[in-house]
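Here's a quick briefing to read with the model open beside you. Have a look around before going through the notes.

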Amino acid sequence: MGFWDKEHCEYCNGAIVEKITDLPRKVGKRYVLIKNVPAGVCSGCGTRYYAANVLKRIEVIVKGRKKAEKEIPMAVYSL
Ligand SMILES: [Zn+2]
């Protein structure tokens, strides 16, 4: 039984399936990519849901209390 079994989307009532996702987050003025984030993804509209304990772990990273595995340069463009 997955965490999201029998849960339904609050927007479209679609079934939610658990997936491992990559989550880009803006931290201050830069973006970080958090990999291997378990999320409940709506099979209807694609809305992602995160469990409270997952959000807590994301928070730790966003607040800079965990060292990044690697730093990559990011391309910047302007129109
Ligand atoms: Zn939905």
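How many strands form the open sheet, and in what order do they run? This is a predicted model, and its sheet has three strands in the order S1-S2-S3, with antiparallel pairing. Beyond the sheet there's a zinc ion with cysteine donors, Cys9, Cys12, Cys42 and Cys45, plus a helix, H1, that packs on the sheet.

**Sheet and helix**
- Strand S1 (16-27) and strand S3 (48-49) sit at the edges, each pairing on one side only.
- Helix H1 (residues 52-62) packs against this sheet and touches S1 and S2, and its direction makes about 175° with that of S2.
- S2 covers residues 30-42 and pairs with S3 through two bridges, in the antiparallel sense.
- Have a look at Gly40 too: Tyr49 in S3 stands opposite this residue.

**Zinc site**
- The zinc ion takes its protein donors from the SG atoms of Cys9, Cys12, Cys42 and Cys45, at 2.3 to 2.4 Å.
- Along the sequence, the donor residues follow the spacing C-x2-C-x29-C-x2-C.
- Why call the arrangement around the zinc ion tetrahedral? The four donor atoms subtend angles of 97 to 118°, and the label requires all angles to lie between 85 and 135 degrees.

**Exposure of two donors**
- Cys9 counts as buried because its relative accessibility is 3%, and the cut-off for buried is under 20%.
- Cys12 has a relative accessible area of 37%, so this residue is partly exposed.

Note on methods
Residues are numbered from 1 along each chain as its sequence is written. This is a predicted model: local features need pLDDT of at least 70, side-chain atom pairs count only at pLDDT 80 or more; totals for chains, interfaces and linings use all residues. Side-chain values use heavy atoms; hydrogens and water are left out. Donors are N, O and S atoms within 2.8 Å of the metal (3.2 Å for Na, K and Ca); water is not among the atoms, so sites may look incomplete. Four donors count as tetrahedral if all angles lie between 85 and 135 degrees; four count as square planar and six as octahedral if opposite donors are over 155 degrees apart and all others between 65 and 115; anything else is irregular. Buried means under 20% relative accessible area, exposed over 50%, partly exposed in between (1.4 Å probe, protein chains only). Two strands pair if DSSP finds at least two bridges between them. Helices (H or I, at least four residues) and strands (E, at least two) are DSSP runs, numbered from the N terminus. Contact means heavy atoms within 4.5 Å. Axes are lines fitted to C-alpha atoms, for helices over the stretch in contact, and angles run from 0 to 180 degrees between N-to-C directions.
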